[in-house]
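Q: Please take a close look at one strand of this model, its pairing with other strands and the salt bridges that involve its residues.

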Amino acid sequence: MARTRRPVVAGWFTDDTVPEAEFRLLGTRCTACASVFFPREDEWCRNPGCPGGGELAEVPLSPRGRVWSYTDARYRPPAPYVSDPDAPWEPYTLVAVELAAEAMVVLGQAAPGVCTADLAVGTEVEVVPGVLDEDGRHTWTTWNWRPVTSEERS
């Protein structure tokens, strides 16, 4: 049986079958006040200063941002993250990334192999597709943050 790919939360990022360079988190922008929301908002504008009357349009968020904060997680995460209580626990790195164009900070896991020693506040990072968990039938997908190399900056 072929393994199916399922996003952890549908609609929060582009289909993970697109080329990595085109992978994006998806938010919504209010057409009345230009506020951007992630996770997406599909019902009403959450900006209390919005004049109202606008629509919420889906927008891809910036593919790159700067590390605002980071830490290693030394506990088993709650749902929707999958964690086998019988498996040995391995810490992972959490990264809060500032997206300047959207004026927001987005939290996510660092890409596999990226640890706190690889990061500093202000480090440029990019969003990439990631695998959260797999079993014999499914692969649950998510997003990760990965430092941008000096070659990628030029």
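A: What follows describes strand S8, its partners and its charged contacts. This is a predicted model, in which local features need pLDDT of at least 70, side-chain atom pairs count only at pLDDT 80 or more, and totals for chains, interfaces and linings use all residues. Residues are numbered from 1 along each chain as its sequence is written, and side-chain values use heavy atoms, with hydrogens and water left out.

Strands are DSSP runs (E, at least two residues), numbered from the N terminus, and two of them pair if DSSP finds at least two bridges between them. S8 covers residues 124-134 and runs antiparallel to S5 (residues 64-73), joined by three bridges; here Gly65 stands opposite Val125. With S9 (residues 138-147), S8 pairs in the antiparallel sense over nine bridges, and Val128 stands opposite Asn144. A hairpin of three residues leads from S8 to S9.

A salt bridge is a side-chain nitrogen of Lys or Arg within 4 Å of a carboxyl oxygen of Asp or Glu. Glu126 forms one with Arg64, at 3.9 Å from N to O. Arg64 lies in S5 and Glu126 in S8, so this pair ties together parts 62 residues apart in sequence. Glu126 also forms a salt bridge with Arg146, the closest N and O atoms being 2.8 Å apart; Arg146 is in S9, 20 residues from Glu126.

Glu126 is buried (under 20% relative accessible area, 1.4 Å probe, protein chains only), at 11%. Arg64, at 30%, and Arg146, at 24%, are partly exposed (between 20% and the 50% above which a residue is exposed). A network of salt bridges links Glu20, Arg64, Glu124, Glu126 and Arg146.

Technical notes: Helices (H or I, at least four residues) and strands (E, at least two) are DSSP runs, numbered from the N terminus.
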